[in-house]
Amino acid sequence: MATPRLYKTEAVILRQRKFGEADRILTLLTPAFGKIEGKARGVRKTTSRMSGHLQPLNRCMLQLAQGRMTDVIAGCETLESFHRLREDLDRLSESLYVAELTDRMLPERVPNYPSYRLLLDTLRRLEQGDGGEIALRYFEIRLLDQSGFRPELEQCVGCAKRIEAESHFFSPRAGGVTCPACAPDSEGARSLTLNGLKVLRQLQREPYNENARLRLDAPLALELERHLRSYVVCVLERDVKSAAFIDRLRRESQFTPAEV
Amino acid sequence: MNESSPAIAAPLARLVQEFYKLPGIGPKSAQRLAYYLLRMPAAEAQALAAAIVEVKERITLCSTCQNVTEADPCRVCSDALRDRTVICVVEEPLDILAIERTQAYRGLYHVLHGTISPMDGIGPEDLKIRELLERFRGDDIREVILATNPNLEGEATAMYLTRLVSPLGIKVTRLARGLPVGGDLEYADDVTLTRALEGRQEMEQDNRDGAST
(Lines give C-alpha, C1' and ligand atoms only; values in the text may rest on other atoms or scores of the structure.)
Protein backbone atom coordinates (compact mmCIF):
# COMPACT_ATOMS: atom_id res chain seq x y z
CA MET A 1 0.00 0.00 0.00
CA ALA A 2 1.55 3.26 -1.10
CA THR A 3 1.32 5.79 1.67
CA PRO A 4 1.31 9.53 1.02
CA ARG A 5 4.17 11.60 2.40
CA LEU A 6 2.04 12.84 5.25
CA TYR A 7 -0.57 10.45 6.55
CA LYS A 8 -2.87 9.94 9.51
CA THR A 9 -3.52 6.75 11.36
CA GLU A 10 -4.85 5.44 14.59
CA ALA A 11 -2.31 3.40 16.58
CA VAL A 12 -1.63 1.66 19.86
CA ILE A 13 1.83 2.33 21.23
CA LEU A 14 3.47 -1.00 21.98
CA ARG A 15 6.86 0.09 23.21
CA GLN A 16 9.36 2.88 23.14
CA ARG A 17 13.09 3.24 23.23
CA LYS A 18 15.27 6.25 23.77
CA PHE A 19 16.98 7.70 20.77
CA GLY A 20 19.55 10.48 20.68
CA GLU A 21 19.37 13.45 23.01
CA ALA A 22 15.63 13.83 23.57
CA ASP A 23 13.90 11.62 20.99
CA ARG A 24 12.17 8.30 21.22
CA ILE A 25 11.46 5.61 18.69
CA LEU A 26 8.02 4.13 19.19
CA THR A 27 6.74 0.79 18.01
CA LEU A 28 3.15 1.25 16.90
CA LEU A 29 0.39 -1.12 15.92
CA THR A 30 -1.98 0.36 13.38
CA PRO A 31 -5.22 -1.06 11.99
CA ALA A 32 -4.29 -0.55 8.33
CA PHE A 33 -0.48 -0.72 8.08
CA GLY A 34 0.31 -3.30 10.74
CA LYS A 35 3.28 -2.78 13.02
CA ILE A 36 5.35 0.31 12.21
CA GLU A 37 8.01 2.42 13.87
CA GLY A 38 7.76 6.14 14.38
CA LYS A 39 10.27 8.65 15.62
CA ALA A 40 8.98 11.17 18.16
CA ARG A 41 11.25 14.19 18.31
CA GLY A 42 11.99 15.98 21.55
CA VAL A 43 9.49 14.01 23.65
CA ARG A 44 11.87 13.55 26.56
CA LYS A 45 11.82 17.28 27.33
CA THR A 46 9.21 18.48 29.83
CA THR A 47 8.04 21.12 27.37
CA SER A 48 7.08 18.50 24.80
CA ARG A 49 3.44 18.75 23.79
CA MET A 50 3.40 15.18 22.61
CA SER A 51 5.07 13.22 25.40
CA GLY A 52 1.91 12.76 27.46
CA HIS A 53 0.07 11.42 24.46
CA LEU A 54 2.80 9.03 23.42
CA GLN A 55 3.01 6.79 26.47
CA PRO A 56 3.07 3.03 25.84
CA LEU A 57 -0.38 1.35 25.73
CA ASN A 58 -2.06 4.59 24.66
CA ARG A 59 -4.39 4.52 21.68
CA CYS A 60 -3.78 7.69 19.68
CA MET A 61 -4.58 9.41 16.44
CA LEU A 62 -1.24 10.16 14.85
CA GLN A 63 -0.03 12.25 12.01
CA LEU A 64 3.11 10.81 10.48
CA ALA A 65 5.54 12.15 7.92
CA GLN A 66 7.48 9.65 5.88
CA GLY A 67 11.16 9.81 6.64
CA ARG A 68 14.21 8.23 5.07
CA MET A 69 14.66 5.57 7.73
CA THR A 70 11.68 5.84 10.08
CA ASP A 71 8.54 7.88 9.84
CA VAL A 72 8.38 10.94 12.05
CA ILE A 73 5.42 11.70 14.28
CA ALA A 74 4.21 15.17 13.42
CA GLY A 75 1.19 15.34 15.67
CA CYS A 76 -0.85 13.20 17.99
CA GLU A 77 -3.90 13.10 20.17
CA THR A 78 -4.92 10.52 22.75
CA LEU A 79 -8.05 8.53 21.96
CA GLU A 80 -7.92 6.10 24.86
CA SER A 81 -5.39 6.16 27.67
CA PHE A 82 -6.38 3.08 29.71
CA HIS A 83 -5.60 5.00 32.87
CA ARG A 84 -7.04 2.32 35.11
CA LEU A 85 -4.51 -0.12 33.70
CA ARG A 86 -1.71 2.19 34.68
CA GLU A 87 -2.85 2.62 38.25
CA ASP A 88 -2.73 -1.05 39.15
CA LEU A 89 0.62 -2.81 39.07
CA ASP A 90 -0.82 -6.28 38.36
CA ARG A 91 -2.97 -5.11 35.47
CA LEU A 92 -0.11 -3.00 34.18
CA SER A 93 2.29 -5.94 34.17
CA GLU A 94 -0.28 -8.07 32.34
CA SER A 95 -0.91 -5.44 29.70
CA LEU A 96 2.82 -4.94 29.17
CA TYR A 97 3.03 -8.68 28.55
CA VAL A 98 0.24 -8.36 25.98
CA ALA A 99 2.04 -5.47 24.29
CA GLU A 100 5.38 -7.25 24.25
CA LEU A 101 3.89 -10.43 22.81
CA THR A 102 2.09 -8.45 20.10
CA ASP A 103 5.32 -6.69 19.23
CA ARG A 104 7.32 -9.92 19.06
CA MET A 105 4.81 -12.00 17.15
CA LEU A 106 3.89 -9.58 14.39
CA PRO A 107 6.19 -8.71 11.48
CA GLU A 108 6.68 -5.09 10.46
CA ARG A 109 4.47 -3.45 7.86
CA VAL A 110 2.16 -6.39 7.34
CA PRO A 111 -1.45 -5.24 7.69
CA ASN A 112 -3.21 -7.32 10.32
CA TYR A 113 -6.49 -5.86 11.45
CA PRO A 114 -7.61 -8.88 13.53
CA SER A 115 -4.54 -8.57 15.74
CA TYR A 116 -5.14 -4.86 16.21
CA ARG A 117 -8.71 -5.62 17.25
CA LEU A 118 -7.52 -8.40 19.56
CA LEU A 119 -4.98 -6.13 21.23
CA LEU A 120 -7.56 -3.41 21.86
CA ASP A 121 -10.17 -5.86 23.15
CA THR A 122 -7.65 -7.50 25.47
CA LEU A 123 -6.45 -4.19 26.90
CA ARG A 124 -10.07 -3.18 27.51
CA ARG A 125 -10.81 -6.52 29.19
CA LEU A 126 -7.78 -6.16 31.43
CA GLU A 127 -8.80 -2.62 32.29
CA GLN A 128 -12.33 -3.76 33.15
CA GLY A 129 -10.72 -6.38 35.33
CA ASP A 130 -13.04 -9.21 34.26
CA GLY A 131 -11.26 -12.55 34.09
CA GLY A 132 -7.63 -11.50 33.87
CA GLU A 133 -6.36 -15.05 33.44
CA ILE A 134 -8.92 -16.02 30.80
CA ALA A 135 -8.39 -12.76 28.91
CA LEU A 136 -4.64 -13.44 28.75
CA ARG A 137 -4.97 -17.08 27.70
CA TYR A 138 -7.58 -16.17 25.08
CA PHE A 139 -5.24 -13.48 23.80
CA GLU A 140 -2.34 -15.92 23.47
CA ILE A 141 -4.41 -18.56 21.67
CA ARG A 142 -5.88 -16.02 19.25
CA LEU A 143 -2.61 -14.23 18.54
CA LEU A 144 -0.93 -17.57 17.80
CA ASP A 145 -3.83 -18.34 15.48
CA GLN A 146 -3.58 -15.03 13.67
CA SER A 147 0.15 -15.28 13.16
CA GLY A 148 0.00 -18.81 11.77
CA PHE A 149 1.00 -20.83 14.83
CA ARG A 150 -2.39 -22.27 15.78
CA PRO A 151 -1.71 -25.12 18.22
CA GLU A 152 -3.16 -28.51 17.19
CA LEU A 153 -5.59 -29.65 19.87
CA GLU A 154 -7.77 -32.23 18.10
CA GLN A 155 -5.38 -34.88 16.87
CA CYS A 156 -2.00 -36.13 17.96
CA VAL A 157 0.83 -34.16 16.38
CA GLY A 158 2.83 -37.40 16.23
CA CYS A 159 0.52 -40.04 14.73
CA ALA A 160 -2.45 -37.87 13.66
CA LYS A 161 -4.93 -40.03 15.59
CA ARG A 162 -7.80 -38.39 17.40
CA ILE A 163 -6.91 -37.56 20.99
CA GLU A 164 -8.81 -39.81 23.39
CA ALA A 165 -10.00 -38.53 26.75
CA GLU A 166 -7.47 -40.41 28.83
CA SER A 167 -3.98 -39.10 29.28
CA HIS A 168 -2.44 -36.59 26.90
CA PHE A 169 0.58 -34.37 26.61
CA PHE A 170 1.32 -30.94 25.21
CA SER A 171 4.42 -30.58 23.12
CA PRO A 172 5.56 -27.01 22.51
CA ARG A 173 8.14 -28.18 19.94
CA ALA A 174 5.61 -30.08 17.85
CA GLY A 175 2.98 -27.38 18.34
CA GLY A 176 0.12 -29.31 19.88
CA VAL A 177 -1.15 -32.29 21.87
CA THR A 178 0.28 -35.77 21.62
CA CYS A 179 -1.07 -39.16 22.66
CA PRO A 180 0.80 -41.13 25.36
CA ALA A 181 2.40 -43.34 22.69
CA CYS A 182 3.98 -40.43 20.82
CA ALA A 183 4.86 -38.31 23.87
CA PRO A 184 8.26 -39.94 24.54
CA ASP A 185 9.38 -39.08 20.98
CA SER A 186 8.42 -35.46 21.38
CA GLU A 187 11.06 -33.46 23.23
CA GLY A 188 9.75 -31.28 26.06
CA ALA A 189 6.22 -32.72 26.00
CA ARG A 190 4.50 -32.34 29.35
CA SER A 191 1.36 -33.85 30.75
CA LEU A 192 -1.87 -32.00 30.01
CA THR A 193 -4.92 -32.66 32.19
CA LEU A 194 -8.34 -33.41 30.70
CA ASN A 195 -9.73 -30.14 32.05
CA GLY A 196 -6.74 -28.30 30.65
CA LEU A 197 -7.37 -29.77 27.19
CA LYS A 198 -11.07 -28.91 27.38
CA VAL A 199 -10.40 -25.29 28.28
CA LEU A 200 -7.75 -24.90 25.57
CA ARG A 201 -10.16 -26.29 22.97
CA GLN A 202 -12.93 -24.03 24.10
CA LEU A 203 -10.63 -20.98 24.00
CA GLN A 204 -9.64 -21.92 20.47
CA ARG A 205 -13.16 -22.59 19.16
CA GLU A 206 -15.42 -20.12 20.88
CA PRO A 207 -15.51 -16.32 20.82
CA TYR A 208 -14.45 -14.48 23.96
CA ASN A 209 -17.97 -13.94 25.30
CA GLU A 210 -18.45 -17.71 25.56
CA ASN A 211 -15.17 -18.00 27.43
CA ALA A 212 -15.55 -15.03 29.75
CA ARG A 213 -17.70 -17.07 32.13
CA LEU A 214 -15.02 -19.72 32.60
CA ARG A 215 -13.65 -19.93 36.11
CA LEU A 216 -10.34 -21.67 36.59
CA ASP A 217 -9.05 -22.91 39.90
CA ALA A 218 -5.46 -22.01 40.73
CA PRO A 219 -3.74 -25.26 39.61
CA LEU A 220 -5.61 -25.29 36.28
CA ALA A 221 -4.87 -21.62 35.63
CA LEU A 222 -1.19 -22.26 36.33
CA GLU A 223 -1.14 -25.32 34.08
CA LEU A 224 -2.61 -23.45 31.12
CA GLU A 225 -0.30 -20.51 31.65
CA ARG A 226 2.73 -22.82 31.64
CA HIS A 227 1.71 -24.74 28.52
CA LEU A 228 0.85 -21.68 26.49
CA ARG A 229 3.88 -19.75 27.61
CA SER A 230 6.24 -22.61 26.79
CA TYR A 231 4.65 -22.77 23.34
CA VAL A 232 4.99 -19.00 22.85
CA VAL A 233 8.65 -19.12 23.89
CA CYS A 234 9.17 -22.01 21.48
CA VAL A 235 7.59 -20.09 18.59
CA LEU A 236 9.48 -16.87 19.34
CA GLU A 237 12.72 -18.71 20.13
CA ARG A 238 13.22 -16.25 22.98
CA ASP A 239 11.80 -15.43 26.41
CA VAL A 240 8.95 -13.00 26.85
CA LYS A 241 10.67 -10.65 29.26
CA SER A 242 7.64 -9.09 30.92
CA ALA A 243 6.39 -12.54 31.94
CA ALA A 244 9.16 -12.65 34.54
CA PHE A 245 7.72 -9.54 36.19
CA ILE A 246 4.21 -11.04 36.34
CA ASP A 247 5.67 -14.11 38.04
CA ARG A 248 7.62 -11.99 40.47
CA LEU A 249 4.59 -9.92 41.51
CA ARG A 250 2.59 -13.09 42.04
CA ARG A 251 5.37 -14.67 44.09
CA GLU A 252 5.77 -11.60 46.27
CA SER A 253 2.05 -11.16 46.90
CA GLN A 254 2.09 -14.54 48.60
CA PHE A 255 4.64 -13.41 51.16
CA THR A 256 4.89 -10.36 53.33
CA PRO A 257 7.11 -8.02 51.37
CA ALA A 258 9.90 -7.67 53.87
CA GLU A 259 12.74 -8.66 51.58
CA VAL A 260 13.31 -8.23 47.89
CA MET B 1 34.88 2.96 10.03
CA ASN B 2 37.85 2.09 7.92
CA GLU B 3 40.55 1.22 10.44
CA SER B 4 43.22 0.21 8.00
CA SER B 5 43.13 3.39 5.91
CA PRO B 6 46.75 4.37 5.18
CA ALA B 7 45.82 8.07 5.33
CA ILE B 8 45.33 7.95 9.09
CA ALA B 9 48.07 7.11 11.60
CA ALA B 10 47.38 4.15 13.88
CA PRO B 11 47.30 6.05 17.23
CA LEU B 12 44.95 8.61 15.73
CA ALA B 13 42.70 5.88 14.34
CA ARG B 14 42.57 4.37 17.81
CA LEU B 15 41.49 7.70 19.32
CA VAL B 16 38.79 8.07 16.66
CA GLN B 17 37.55 4.59 17.53
CA GLU B 18 37.34 5.49 21.23
CA PHE B 19 35.34 8.67 20.57
CA TYR B 20 33.06 6.73 18.27
CA LYS B 21 31.92 4.65 21.25
CA LEU B 22 30.51 7.70 23.04
CA PRO B 23 26.76 8.37 22.91
CA GLY B 24 25.65 10.75 20.19
CA ILE B 25 29.04 10.67 18.43
CA GLY B 26 29.02 9.50 14.83
CA PRO B 27 32.04 8.68 12.65
CA LYS B 28 32.51 12.27 11.42
CA SER B 29 32.25 13.83 14.88
CA ALA B 30 34.71 11.27 16.18
CA GLN B 31 37.25 12.25 13.53
CA ARG B 32 36.73 15.96 14.17
CA LEU B 33 37.25 15.53 17.92
CA ALA B 34 40.36 13.43 17.42
CA TYR B 35 41.95 15.95 15.04
CA TYR B 36 41.02 18.77 17.39
CA LEU B 37 42.82 17.01 20.25
CA LEU B 38 45.83 16.55 18.02
CA ARG B 39 46.21 20.31 17.61
CA MET B 40 45.54 21.06 21.27
CA PRO B 41 48.42 22.24 23.52
CA ALA B 42 49.97 19.25 25.25
CA ALA B 43 49.07 20.57 28.73
CA GLU B 44 45.37 20.76 27.91
CA ALA B 45 45.34 17.27 26.46
CA GLN B 46 47.11 16.02 29.58
CA ALA B 47 44.50 17.72 31.77
CA LEU B 48 41.70 16.05 29.84
CA ALA B 49 43.33 12.64 30.13
CA ALA B 50 43.94 13.18 33.85
CA ALA B 51 40.32 14.21 34.41
CA ILE B 52 39.07 11.04 32.74
CA VAL B 53 41.37 8.85 34.78
CA GLU B 54 40.48 10.66 37.99
CA VAL B 55 36.75 10.23 37.42
CA LYS B 56 37.19 6.51 36.96
CA GLU B 57 39.51 6.12 39.93
CA ARG B 58 37.98 8.38 42.54
CA ILE B 59 34.27 8.39 41.94
CA THR B 60 32.30 5.65 43.64
CA LEU B 61 28.73 5.16 44.78
CA CYS B 62 27.76 6.47 48.21
CA SER B 63 27.10 3.40 50.35
CA THR B 64 24.00 5.06 51.80
CA CYS B 65 22.18 6.89 49.00
CA GLN B 66 23.93 5.28 45.97
CA ASN B 67 24.64 8.69 44.45
CA VAL B 68 27.96 9.11 42.63
CA THR B 69 30.45 10.63 45.04
CA GLU B 70 34.09 11.28 45.77
CA ALA B 71 33.78 10.69 49.52
CA ASP B 72 31.71 7.97 51.14
CA PRO B 73 29.23 8.87 52.67
CA CYS B 74 28.49 11.62 50.17
CA ARG B 75 28.15 15.30 51.02
CA VAL B 76 24.37 15.19 51.22
CA CYS B 77 24.31 12.12 53.46
CA SER B 78 26.90 13.56 55.83
CA ASP B 79 25.34 17.04 55.99
CA ALA B 80 24.12 17.51 59.59
CA LEU B 81 21.71 20.27 58.57
CA ARG B 82 19.57 18.06 56.37
CA ASP B 83 16.30 16.45 57.44
CA ARG B 84 17.18 12.79 58.07
CA THR B 85 13.58 11.56 58.32
CA VAL B 86 12.71 12.07 54.63
CA ILE B 87 14.13 10.19 51.65
CA CYS B 88 13.51 11.30 48.10
CA VAL B 89 13.81 8.38 45.67
CA VAL B 90 15.04 9.26 42.17
CA GLU B 91 15.97 7.30 39.06
CA GLU B 92 19.34 8.80 38.17
CA PRO B 93 22.04 10.95 39.83
CA LEU B 94 21.19 13.80 37.46
CA ASP B 95 17.70 13.95 38.98
CA ILE B 96 19.27 14.95 42.30
CA LEU B 97 20.93 17.93 40.61
CA ALA B 98 17.55 18.99 39.24
CA ILE B 99 15.89 18.81 42.65
CA GLU B 100 18.81 20.50 44.42
CA ARG B 101 18.58 23.39 41.96
CA THR B 102 15.13 24.21 43.32
CA GLN B 103 16.50 24.61 46.87
CA ALA B 104 13.05 23.52 48.02
CA TYR B 105 14.05 20.16 49.45
CA ARG B 106 16.26 19.62 52.50
CA GLY B 107 15.95 15.88 53.06
CA LEU B 108 18.03 12.92 51.90
CA TYR B 109 18.08 11.09 48.58
CA HIS B 110 18.22 7.60 47.22
CA VAL B 111 19.26 6.81 43.64
CA LEU B 112 17.76 3.68 42.05
CA HIS B 113 20.00 3.76 38.94
CA GLY B 114 17.18 2.87 36.58
CA THR B 115 13.52 1.96 36.49
CA ILE B 116 11.57 -1.25 36.35
CA SER B 117 11.02 -1.96 32.68
CA PRO B 118 9.39 -5.38 32.29
CA MET B 119 9.57 -5.35 28.48
CA ASP B 120 13.31 -4.77 28.53
CA GLY B 121 13.78 -7.41 31.20
CA ILE B 122 14.83 -4.88 33.85
CA GLY B 123 13.35 -6.01 37.15
CA PRO B 124 13.54 -4.81 40.76
CA GLU B 125 16.69 -6.87 41.35
CA ASP B 126 18.57 -4.70 38.84
CA LEU B 127 17.90 -1.51 40.84
CA LYS B 128 19.16 -0.27 44.21
CA ILE B 129 15.95 -1.29 45.95
CA ARG B 130 17.48 -3.67 48.46
CA GLU B 131 19.79 -0.83 49.55
CA LEU B 132 16.75 1.43 50.02
CA LEU B 133 14.97 -1.09 52.25
CA GLU B 134 18.19 -1.51 54.19
CA ARG B 135 18.04 2.17 55.15
CA PHE B 136 14.69 1.80 56.90
CA ARG B 137 16.23 -0.66 59.29
CA GLY B 138 18.65 1.65 61.03
CA ASP B 139 17.43 5.22 60.62
CA ASP B 140 14.16 6.76 61.68
CA ILE B 141 12.57 7.43 58.30
CA ARG B 142 9.08 8.96 58.37
CA GLU B 143 8.47 9.73 54.72
CA VAL B 144 9.55 8.43 51.34
CA ILE B 145 8.99 10.73 48.38
CA LEU B 146 8.79 8.84 45.10
CA ALA B 147 10.31 11.15 42.50
CA THR B 148 10.58 8.72 39.58
CA ASN B 149 9.65 10.09 36.17
CA PRO B 150 5.93 10.36 35.40
CA ASN B 151 6.07 7.88 32.54
CA LEU B 152 5.11 4.24 32.29
CA GLU B 153 8.31 2.80 33.75
CA GLY B 154 8.55 5.46 36.44
CA GLU B 155 4.95 4.83 37.52
CA ALA B 156 5.48 1.08 37.57
CA THR B 157 8.54 1.57 39.76
CA ALA B 158 6.66 3.92 42.08
CA MET B 159 3.78 1.44 42.45
CA TYR B 160 6.17 -1.40 43.11
CA LEU B 161 8.04 0.59 45.78
CA THR B 162 4.73 1.57 47.41
CA ARG B 163 3.91 -2.12 47.79
CA LEU B 164 7.20 -2.69 49.56
CA VAL B 165 7.38 0.41 51.72
CA SER B 166 3.78 1.06 52.82
CA PRO B 167 3.50 -2.11 54.96
CA LEU B 168 6.49 -0.86 56.97
CA GLY B 169 4.36 1.99 58.33
CA ILE B 170 6.28 4.69 56.46
CA LYS B 171 4.40 7.48 54.71
CA VAL B 172 4.82 7.15 50.95
CA THR B 173 4.22 10.22 48.78
CA ARG B 174 4.52 10.84 45.06
CA LEU B 175 5.54 14.06 43.32
CA ALA B 176 2.48 15.93 42.03
CA ARG B 177 1.66 15.58 38.35
CA GLY B 178 0.05 18.33 36.37
CA LEU B 179 0.65 21.07 33.89
CA PRO B 180 4.23 22.17 33.26
CA VAL B 181 5.15 25.82 33.66
CA GLY B 182 5.05 27.42 30.22
CA GLY B 183 2.78 24.62 29.03
CA ASP B 184 -0.33 24.87 26.97
CA LEU B 185 -3.70 23.62 28.21
CA GLU B 186 -5.03 22.71 24.78
CA TYR B 187 -2.10 20.37 24.12
CA ALA B 188 -2.27 18.60 27.47
CA ASP B 189 -3.15 14.90 27.39
CA ASP B 190 -6.15 13.73 29.41
CA VAL B 191 -4.16 11.88 32.09
CA THR B 192 -2.17 15.01 32.88
CA LEU B 193 -5.29 17.19 32.85
CA THR B 194 -7.17 14.78 35.11
CA ARG B 195 -4.28 14.82 37.57
CA ALA B 196 -4.09 18.58 37.39
CA LEU B 197 -7.79 18.83 38.21
CA GLU B 198 -7.48 16.34 41.06
CA GLY B 199 -4.50 18.20 42.51
CA ARG B 200 -5.94 21.69 42.15
CA GLN B 201 -5.27 24.06 45.00
CA GLU B 202 -7.08 27.01 46.43
CA MET B 203 -5.70 30.34 45.30
CA GLU B 204 -4.33 32.33 48.18
CA GLN B 205 -4.64 36.05 48.58
CA ASP B 206 -1.47 37.99 47.84
CA ASN B 207 0.90 37.36 50.66
CA ARG B 208 3.13 40.28 51.59
CA ASP B 209 5.78 37.98 53.06
CA GLY B 210 5.97 36.07 49.80
CA ALA B 211 5.87 32.73 51.63
CA SER B 212 3.59 30.42 49.73
CA THR B 213 3.38 27.46 52.11
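Reader: What is the bridge partner of A:Gly38 in β5(A)?

Author: That's A:Asp71. Keep in mind that we're looking at a predicted model here.

Reader: What makes β3(A) and β5(A) a pair?

Author: Two strands pair if at least two bridges are found between them. β3(A) and strand β5 of chain A, residues 71-80, have two bridges, so they meet the cut-off of at least two. The sense of this pairing is parallel.

Reader: And what joins β2 of chain A to β3 of chain A?

Author: Seven bridges do that job, linking residues 23-30 with residues 34-40. With at least two as the cut-off, these strands therefore count as paired too. They run antiparallel, and A:Arg24 has A:Ala40 as its bridge partner in β3(A). The two strands form a hairpin, with three residues between them.

Reader: How many helices and strands does chain A have?

Author: Eight helices and eight strands.

Reader: Why is chain A called as compact as a globular protein of its length?

Author: Put two values side by side: the radius of gyration of chain A is 20 Å, and the globule rule gives 18 Å for 260 residues. The first is close to the second, so chain A is as compact as a globular protein of that length. Along the principal axes, its C-alpha trace spans about 60 × 50 × 35 Å.

Reader: What share of chain A counts as buried?

Author: 40% of the 260 residues. As for contacts in chain A with a separation of 6 or more, 53% of them are between residues 24 or more positions apart.

Reader: Let's move to chain B. Why does B:Ala158 count as buried?

Author: The cut-off for buried is 20 or more other C-beta atoms within 10 Å. B:Ala158 has 21 C-beta neighbours inside 10 Å, so it counts as buried. You'll find B:Ala158 in helix α6 of chain B.

Reader: Which residues does B:Ala158 touch, leaving out those up to four places away in sequence?

Author: B:Leu146, B:Thr148 and B:Arg174. B:Leu22 is another matter: 136 residues along the chain from B:Ala158, with 31 Å between their C-alpha atoms.

Reader: Where does B:Leu146 sit?

Author: In β5(B), where B:Val89 stands opposite B:Leu146. Strand β3 (residues 86-90) and strand β5 (residues 143-146) of chain B run parallel and are joined by four bridges.

Reader: What is the strand order in the open sheet of chain B?

Author: The order is β4-β3-β5-β6, four strands with parallel pairing.

Reader: What makes β4 and β6 of chain B edge strands?

Author: Each of them, β4 (108-111) and β6 (171-174), pairs on one side only. Neighbouring strands in this sheet are turned by 25° against each other on average, direction ignored.

Reader: Which domains is chain B divided into?

Author: Domain 1 covers 10-58 and domain 2 covers 82-175. Their C-alpha centres lie 36 Å apart.

Reader: How do you know that chains A and B touch?

Author: Residues are in contact if their C-beta atoms lie within 7 Å. Here 29 residues of chain B are in contact with 27 residues of chain A. On the chain B side, α5 (129-138), α6 (152-165) and α7 (190-198) are the elements giving two or more residues. The largest share, seven residues, comes from α6(B).

Reader: What kinds of residues make up that side of chain B?

Author: 15 nonpolar, six polar and eight charged.

Technical notes: Residues are numbered from 1 along each chain as its sequence is written. Chains are lettered from A and ligands numbered from 1 in the order in which they are written. This is a predicted model: local features need pLDDT of at least 70, side-chain atom pairs count only at pLDDT 80 or more; totals for chains, interfaces and linings use all residues. The radius of gyration is taken over C-alpha atoms; the globule rule is 2.2 Å times the number of residues to the power 0.38. A residue is buried if 20 or more other C-beta atoms lie within 10 Å of its own, exposed if 12 or fewer, and partly exposed in between; C-beta atoms are placed from the backbone. Two residues are in contact if their C-beta atoms, placed from the backbone, lie within 7 Å. Ala, Val, Leu, Ile, Met, Phe, Trp, Tyr, Cys and Pro count as nonpolar, Asp, Glu, Lys and Arg as charged, and the others, Gly among them, as polar. Domain bounds come from an automatic or database domain assignment. Axes are lines fitted to C-alpha atoms, for helices over the stretch in contact, and angles run from 0 to 180 degrees between N-to-C directions.
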